[in-house]
Amino acid sequence: MKIEIDKYAGFCFGVTKAIQTAEDLSKDAQNIFCLGQIVHNAKEEDRLQKLGMITIKHSNIKDLSNKKMLIRAHGEPPATYKLAKSNNVEIIDATCPVVLNLQKKIKEKFLENPDNQIVIFGKKGHAEVNGLVGQTNGKALVISNIEEADNIDINKPVFLFSQTTSDYQEYCKIETYLKEKSISAYENIDNITVFQTICPSVKNRIPRLRDFCKNNELILFVSDHNSSNGNMLFKVCKDSNPDSYFVT
Ligand code: SF4
């Protein structure tokens, strides 16, 4: 039997950097407190916990005075930074640069005019999405699919962003839907601004993964059911090769 490992498999650079930061901090022989699961992968989480990393929740921040707290690649809303500061907690920020850039763009649009209708296509309650919504004082509208695009008011300027790991095809459908709706109402798309904010490492991975799945008879996709990115990529496997199986 020939077994081939996809040469593009593995964690993206943002997650790899956060894991590297956790490993480096664990060398100080101090516990490092990571806010939320560092990566949605139970095996990797388990390995890092053995090195001294402790996963905490927001409710634990108040008990971490004078300790170091790691912010993972998904990022956090401004409220978390404030809470840490007021409790004397030192932040080690491993937010992925791609997420930081997206947070910055959303914040800019919000500050430009707090009445701007900022829409984020992503998973409600996901840590990255919470961090993005936090840039707008909680005002951004989160939609998870094209059906929810009907909640957007096209009579007002719309600024559409996506979570970095969202499904690109669904995002394109939402963009087309909004533009068509605007053309029927106003014969123009002046109110609709769409930002291409899906992470390149996710977007480029899809066509490569599709080819890989078509060129192999059976696919074992290793991930964790808690990973949005993993679930999305597995769907790509299954669509390209029905003989695909999710393994944790
Ligand atoms: S933005 Fe891209 S590189 Fe950064 S953590 Fe998300 S998937 Fe990884």
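The domain bounds used in this report come from an automatic or database domain assignment. With that in hand, let us walk through the structure, which is a predicted model.

**Domains and their contact**

The assignment splits the chain into domain 1 (13-95), domain 2 (98-200) and domain 3 (204-247). Between the C-alpha centres of domain 1 and domain 2 there is a distance of 28 Å. Where these two domains touch, domain 1 contributes ten residues and domain 2 contributes ten residues. On the domain 1 side of that contact, four residues are nonpolar, five are polar and one is charged.

**Around the ligand**

Both of these domains also take part in the ligand shell: domain 1 (13-95) and domain 2 (98-200) each give at least three residues to it. The shell holds 13 residues, and those that come nearest to the ligand are Cys12, Gly14, Cys96, Val98 and Cys199. Seen by helix, at least two shell residues come from each of helix 1 (13-26), helix 4 (97-112) and helix 7 (200-203). Helix 1 has the largest share, with three residues. What is the character of the residues in the shell around the ligand: nonpolar, polar or charged? Nine of them are nonpolar and four are polar, while no charged residue is present.

**The sheet with order 2-1-3-4**

Turning to the strands, one open sheet has four of them, arranged 2-1-3-4 and paired in parallel. At its edges stand strand 2 (53-56) and strand 4 (90-93), each of which pairs on one side only. From one strand to the next, the twist averages 35 degrees. Edge strand 2 is joined to strand 1 (residues 32-35) by four bridges, and the two run parallel. Within this pairing, isoleucine 32 has methionine 53 of strand 2 as its bridge partner.

**The sheet with order 6-5-7-8**

A further open sheet is built from four strands in the order 6-5-7-8, again with parallel pairing. Strand 6 (141-143) and strand 8 (192-194) each have a single partner strand, so each is left with one side that has no neighbour in the sheet. Here neighbouring strands are turned against each other by 25 degrees on average, with direction ignored. Strand 8 pairs with strand 7 (residues 158-162) over three bridges, in the parallel sense. One of the residues involved is phenylalanine 159, whose bridge partner in strand 8 is threonine 193.

**Strands 9 and 10**

Further along the chain, strand 9 (residues 219-222) and strand 10 (residues 244-247) run parallel and are joined by four bridges. Leucine 220 finds its bridge partner in strand 10, namely tyrosine 245. On the way from strand 9 to strand 10 the chain passes through helix 9 (residues 228-240), and this β-α-β crossover is right-handed.

The strand pairs described above are set side by side here.

| Strand pair | Bridges | Bridge partners |
|---|---|---|
| Strand 1 and strand 2 | four bridges | isoleucine 32 and methionine 53 |
| Strand 7 and strand 8 | three bridges | phenylalanine 159 and threonine 193 |
| Strand 9 and strand 10 | four bridges | leucine 220 and tyrosine 245 |

Notes
Residues are numbered from 1 along each chain as its sequence is written. This is a predicted model: local features need pLDDT of at least 70, side-chain atom pairs count only at pLDDT 80 or more; totals for chains, interfaces and linings use all residues. Two strands pair if DSSP finds at least two bridges between them. Axes are lines fitted to C-alpha atoms, for helices over the stretch in contact, and angles run from 0 to 180 degrees between N-to-C directions. A crossover is right-handed if, with the strands pointing away from the viewer, the path from the first strand over the helix to the second runs clockwise. Two residues are in contact if their C-beta atoms, placed from the backbone, lie within 7 Å. Ala, Val, Leu, Ile, Met, Phe, Trp, Tyr, Cys and Pro count as nonpolar, Asp, Glu, Lys and Arg as charged, and the others, Gly among them, as polar. A residue is near a molecule or strand if its C-beta atom, placed from the backbone, lies within 6 Å of it.
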